[in-house]
Amino acid sequence: MNESKPGDSQNLACVFCRKNDDCPNKYGEKKTKEKWNLTVHYYCLLMSSGIWQRGKEEEGVYGFLIEDIRKEVNRASKLKCCVCKKNGASIGCVAPRCKRSYHFPCGLQRECIFQFTGNFASFCWDHRPVQIITSNNYRESLPCTICLEFIEPIPSYNVLRSPCCKNAWFHRDCLQVQAINAGVFFFRCTICNNSDIFQKEMLRMGIHIPEKDASWELEENAYQELLQHYERCDVRRCRCKEGRDYNAPDSKWEIKRCHCCGSSGTHLACSSLRSWEQNWECLECRGIIYNSGEFQKAKKHVLPNSNNVGITDCLLEESSPKLPRQSPGSQSKDLLRQGSKFRRNVSTLLIELGFQIKKKTKRLYINKANIWNSALDAFRNRNFNPSYAIEVAYVIENDNFGSEHPGSKQEFLSLLMQHLENSSLFEGSLSKNLSLNSQALKENLYYEAGKMLAISLVHGGPSPGFFSKTLFNCLVYGPENTQPILDDVSDFDVAQIIIRINTATTVADLKSIINECYNYLELIGCLRLITTLSDKYMLVKDILGYHVIQRVHTPFESFKQGLKTLGVLEKIQAYPEAFCSILCHKPESLSAKILSELFTVHTLPDVKALGFWNSYLQAVEDGKSTTTMEDILIFATGCSSIPPAGFKPTPSIECLHVDFPVGNKCNNCLAIPITNTYKEFQENMDFTIRNTLRLEKEESSHYIGH
């Protein structure tokens, strides 16, 4: 399929609008297919009323099949444009009873609005959507916040106002140029940086927002200067004899940069850092993070509720037959984008979110025998604020003395995530999707589940690790852009119906299966006319879409709103590659090396005991012990894996003259015994860890999973 070179297409007219213009900002890209002697503008093709994108992206022209394009040109040849009075008007106003048809350029000339989303509707000048401004207190001209030229602050076709900032006004042309340059990932309000509300309003008002990386992201070596590392020791007393600029990798004189600002540094030895992995903050950043009670992120604008945006209606519709064309780069990175914007470590992202946590503390009273209801009561308390630091106190039900004892925040969040994974809110074995639980909907538990997950991630709890790729894609790219697979179906009967349909070998067999399942298919709205055997694939697609996505649209929206707590969902959508690793995959297995590096020596060591400790870790890894690596970590911290945001405080080891090890989960501290022989050391460690965890499991076994 040969395409003409850009210079060759200058004099070729678009088959729809009959114009030679090659202006991507106005008409979209101009493409010529020499094999079929066909030239089209992308927007003319996309907005035509009688054509659908039935092929893959690489088929035909942007997924529009050649035969469909010719049929649409033939249909349009019978329609006269109400602007230029020439035939070929392929675009019609969607307003009921409006008979106006026009070419795309003619529509732009008469200030029609074309919506590049949903069903790709177009509106003539009499029926186009308008911005309703309740009151206008601006008596003087205001600058366009993009070009800074003054404009009259009155909504019109050429002048638009931001939906999230009352004092932000724009020229339409300025917005369109900015949208094309920024792409969907960077196009946002120039005042408050909001992208969700802002993009929805701009799409409604006819601004095309292409799904591609920003133009500056695609420039070669655009961020070359960022590769220059800061290499200077800035602490008050540098102890390096070679000077502050001396940097010797893999030694105590290696320079470590501030993990917050990156613009200050220290030699490892000058700040008593034991390893490169240990975080270090400069004095300025440390003061901002830990000493300023007023430090917080800018407040996020509240998104409109589902009643205002018609979420239910949107989710019940089938996906639009036309999809905005992605740039060639974005097509190959649908899930795991490789642009520089997405190459971020998930730990760093969660630490950034953690900057919202204030010094003010909220104590949660948790009954370990009923962890779910205790957490619900605590998080629903009107005095609870997700941005407050969390303290946990364990209480015993029906305790007349009202006794309480300090608990580990990370242990509490770990137990809560275990309960959530095994709750009736999710279905599936390993990779889970949302279930449809009417009682949970009534009690708003899906929202609470999303909120708990967000709080766990930001406050240093474990990652879920049980999301299916389908659930993750729905959260990141939207249900309308996600295609479920058979593995997402946990209902055995539904899975059998899909398998039977998929394995049908003749049209007669296929129709027979449909007749057997007629009542079910009619109930879910998936009955379709079968003419060829290949129709079974669309039928399977419809069933999967209903069962996995449409059936749970209300729980999904509620869960999604909960995940917006502390800005977690926004981060997930901005950096899907990083978050996919912790939401869809379990943490890597622990090893002797990982645990050895995780625990630091907290007090003056007993050399013999520390040698026994390292030997014990190796014995556990080799299967020569009755405990596991996870058992050791749970005994010391309450968590079976290392949280994505890391432990706070860092796990440490003490060597004490005790007979048996002691785990302090509140401080992530493990006290190991000082013994005469390694055999005695291993027996004492195995006995204590094994029996302690067994007792804890017996106490909690009656409520986990309830």
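Trainee: Where is the place of Thr 565?

Mentor: This is a predicted model, so keep that in mind throughout. Thr 565 sits in the loop that links α21 to α22 (568–574).

Trainee: Is Thr 565 buried or exposed?

Mentor: Read the relative accessibility against the cut-off: buried means under 20%. Thr 565 has 11%, so Thr 565 counts as buried.

Trainee: Which residues does Thr 565 touch?

Mentor: Leave out residues up to four places away in sequence. The contacts are then Pro 386, Lys 451, Ala 454 and Ile 455.

Trainee: How do I read a sheet?

Mentor: Start with the general idea. Strands of a sheet pair through backbone hydrogen bonds, in either a parallel or an antiparallel sense. Then take a case. One open sheet here has three strands in the order β13-β14-β15, and its pairing is mixed. β13 (358–366) and β15 (404–407) are the edge strands, each pairing on one side only. On average, neighbouring strands of this sheet are turned by 35 degrees against each other, direction ignored.

Trainee: In which sense do β13 and β14 pair, and over how many bridges?

Mentor: β13 and β14 (residues 388–395) are parallel, with seven bridges. For one residue pair, look at Lys 358: its bridge partner in β14 is Tyr 388.

Trainee: Which helix packs on the sheet, touching β13, β14 and β15?

Mentor: Helix α13 (residues 409–421) does. The direction of α13 makes about 80 degrees with that of β14.

Trainee: What is the order of the strands in the open sheet of four?

Mentor: The order is β18-β19-β21-β20, again with mixed pairing. Its edge strands are β18 (600–601) and β20, and each pairs on one side only.

Trainee: Which strands run parallel in this sheet, and how many bridges join them?

Mentor: β19 (residues 652–656) and β21 run parallel, joined by five bridges. Ile 653 faces Leu 670 of β21. Leu 656 stands opposite Pro 673, also in β21.

Trainee: In which sense do β20 and β21 pair?

Mentor: Antiparallel, over three bridges. Gly 663 stands opposite Leu 670 in β21. The two strands, β20 and β21, form a hairpin with four residues between them. In that turn, Asn 668 has a positive phi of about 55 degrees.

Trainee: Why is β21 described as largely enclosed by the rest of the structure?

Mentor: Because five of the five residues of β21 are buried. Check the faces separately. Cys 669, Ala 671 and Pro 673 are buried on one side, and Leu 670 and Ile 672 are buried on the other.

Trainee: Which residue does the "active site" annotation cover?

Mentor: The UniProt annotation, from an unreviewed entry, covers Cys 666. Treat that label as coming from the record. In the model, Cys 666 lies in the loop between β20 (662–664) and β21 (669–673).

Trainee: What is the relative accessible area of Cys 666, and what does Cys 666 touch?

Mentor: The value is 35%, so Cys 666 is partly exposed. Beyond four places in sequence, Cys 666 touches Pro 406, Gly 407, Ser 408 and Pro 649.

Trainee: How do I read a helix against a sheet?

Mentor: Begin with the helix itself. An α-helix has 3.6 residues a turn, so residues three or four places apart point the same way. Now take α26 (residues 629–637), which is mostly covered, with seven of its nine residues buried. Among them are Met 629, Ile 632, Leu 633 and Phe 635. α26 lies across β20 and β21 and runs at about 60 degrees to β20.

Trainee: What comes just before and just after α26?

Mentor: Thr 628 lies in the loop between α25 (607–621) and α26. At 33% relative accessibility, Thr 628 counts as partly exposed. The C-alpha atoms of Thr 628 and Arg 690 are separated by 9.4 Å, though these residues are 62 apart along the chain. Just after α26, Gly 638 has a positive phi of about 90 degrees.

Trainee: How many cavities of 30 Å³ or more does the whole structure hold?

Mentor: The search finds two. The largest has a volume of about 120 Å³. Twelve residues line the largest cavity; those closest to its centre are Cys 474, Val 548, Ile 549, Val 552 and Phe 556.

Trainee: Which element gives the most to the lining of the largest cavity?

Mentor: α16, with three residues. The elements giving two or more residues are β17 (433–434), α16 (469–477), α20 (535–549) and α21 (553–563).

Note on methods:
Residues numbered from 1 in each chain as written. Predicted model: local features only at pLDDT ≥ 70, side-chain atom pairs only at ≥ 80, totals over all residues. Heavy atoms only, no water. Pairing = 2+ DSSP bridges. Axes fitted to C-alpha atoms, helices over the stretch in contact; angles between N-to-C directions. Contact = heavy atoms within 4.5 Å. UniProt positions renumbered as here; feature names shortened; annotations may be inferred. Buried < 20%, exposed > 50% of the residue type's maximum accessible area, 1.4 Å probe, protein only. 1 Å grid on protein atoms, 1.4 Å probe; cavity = no way out; pocket = protein on both sides within 12 Å on 5 of 7 lines; lining within 4 Å. Points joined across faces, edges and corners; volume = space filled by probe spheres on them.
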